[in-house]
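Reader: Hey, can you walk me through the cysteines in this one? I'm new to this, so keep it simple.
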Amino acid sequence: MGFTTSANKREGTPVKANDLQLLQCFSILKIKLQLWAILLLMALSQSEAFDPLDPFGNITIKWDVVSWTADGYVASVIMNNYQMYRHINTPGWTLGWNWAKKEVIWSIVGAQATEQGDCSKFKGNVPHCCKKNPIIVDLLPGVPYNQQYANCCKGGVVASWGQDPSAAVSAFQVSVGVAGTSNKTLKLPKDFVLMGPGPGYTCGPAEVVPSTVFFTPDHRRKTQALMTWTVTCTYSQILSSKYPICCVSFSSFYNETMTPCPSCACGCHNKKDCIMSDSKRLTTLGINTPKKDNTPLLQCTHHMCPIRVHWHVKINYRDYWRVKIAVTNFNYRMNYTQWTLVAQHPNLNNVTQVFSFDYKPLVPYQAINDTAMFYGMKFYNDLLMEAGPLGNVQSEVLLRKDKTTFTLKQGWGFPRKIYFNGDECKLPPPDSYPFLPNSAHEIPSFYSTMKDRHA
């Protein structure tokens, strides 16, 4: 016996049971696809911290319980920066959390809590910190030896993993009281917050992992932590700043027009407080002193960015082409130590020579080699000074041409992305890039003769 729908009743056309079941299956499938689309959008909206040029970059904080005490434990806390090109600049990191119970910090070596809190209930020995939500900062260089701990006391500055793995770590030791004294009674801290130095990092919950193994100096004996847990923190530029912190301008040998940074590329919210480059205020004592809240003092520009990166296609040889890269600081209150610059360009797989920057290829996806990290040479130009005559660093890069793909048309000579200190810079719109003149066909023959002159 067949079934009929209300529409088909009017037409007198029966619908078989199999057809009805098929329609129901399609309806269920459609609903499932809609639900999957919603879930995918939700996942993408919550994954702002994903960086396609550094997909595995994060900061991992590891707690190793090394001994139990009468009322708690002693733990070694190690912060490893596994981000390839994003480091923690001065004034350094700040780490906070909430205790699960009523724990206190009896003592800490290699760091300190910013506040002691109310310790009035303790008589005799007074804890270092009694706050429910302690905030920890690194010690400054030069503290007494008995306050130091391995990989501590750098003012909270932590290098990026790609730049210097040995300096991409910070650590301290903490003695916790009024806490559990065994693996079963210890409660993990929660709600971790990492500032590095400003906002931008989101930390997940603490997770118990297999205990860390330690080797003695002679590597003949190994011990292990009594308990280990880790916290993973990832960075999002959207959480860090509402506006970009840098912009990019372009120029080339074949076009007299320079493509500047877009107007208000970093927002013009600082326009009322900016200073002209010839202002008498620049001679005021303390004008370059940073503020506690890191408020910038910018030179007045049309883009109002603290950092500008200029990419200039300089020379076109027969088998090579040369690019000049210049980074300029427009912030009078900030200098950048251990700065990094990342560029994405299809010809960066053929870098032949970098003249006054250190260089490292980034290959997050093994089949694609189009990203490079540049950073300053130690004790030479690894410090980008504040705005002024010395507030710039520059270098040149020589690249071998891939004759099967090389062209200067359609903006090919310019990068697809630029990052400074791990933050993506604002690029000009593509239709404003320097374009080749109508006589571009004459350029290769002219510059092929220049090759012999510059050899």
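Author: Sure. A disulfide, here, is a pair of cysteine sulfur atoms within 2.5 Å. Keep in mind that this is a predicted model.

Reader: Ok, and how many disulfides does the structure hold?
Author: There are eight disulfides in the structure. Let's go through some of them.

Reader: Cool. What does Cys 203 form a disulfide with?
Author: With Cys 233; the two sulfur atoms are 2.0 Å apart. The torsion about that S-S bond is about 100 degrees, so the disulfide of Cys 203 and Cys 233 is right-handed.

Reader: And where do those two sit in the chain?
Author: In distant parts of it, 30 residues apart. Cys 203 is in strand β9 (residues 201–203), while Cys 233 belongs to strand β13 (residues 227–235).

Reader: Is Cys 203 buried or exposed?
Author: Buried: Cys 203 has a relative accessible area of 17%, and the cut-off for buried is under 20%. Cys 233 counts as buried too, at 0% relative accessibility.

Reader: Next one! Which residue is joined to Cys 246?
Author: Cys 425, through a disulfide with an S to S distance of 2.0 Å. This link is left-handed, with -95 degrees about the S-S bond of Cys 246 and Cys 425.

Reader: How many residues apart are they?
Author: Cys 246 and Cys 425 are 179 residues apart, so to speak in distant parts of the chain. Cys 246 lies in strand β14 (residues 246–252), and Cys 425 in the loop between β26 (423–424) and α4 (443–454). Both Cys 246 and Cys 425 are buried.

Reader: What about Cys 247, what does that one form a disulfide with?
Author: Cys 247 pairs with Cys 261, and their sulfur atoms are 2.1 Å apart. The S-S torsion for Cys 247 and Cys 261 is about 85 degrees, so the disulfide is right-handed. Cys 247 is in strand β14, whereas Cys 261 is in the loop between β15 (255–259) and β16 (307–316), 14 residues apart.

Reader: Is Cys 261 buried or exposed?
Author: Buried, with a relative accessible area of 3%. Cys 247 is buried as well, at 0%.

Reader: Switching topic: why is there no bond from Cys 129 to Cys 130?
Author: Distance. The closest cysteine sulfur to that of Cys 129 is in Cys 130, but it is 6.6 Å away, which is too far for a bond. A disulfide needs the sulfur atoms within 2.5 Å.

Reader: Got it. Is Cys 129 buried or exposed?
Author: Cys 129 counts as buried, because its relative accessibility is 1%.

Terms used. Residues are numbered from 1 along each chain as its sequence is written. This is a predicted model: local features need pLDDT of at least 70, side-chain atom pairs count only at pLDDT 80 or more; totals for chains, interfaces and linings use all residues. Side-chain values use heavy atoms; hydrogens and water are left out. Helices (H or I, at least four residues) and strands (E, at least two) are DSSP runs, numbered from the N terminus. Buried means under 20% relative accessible area, exposed over 50%, partly exposed in between (1.4 Å probe, protein chains only).
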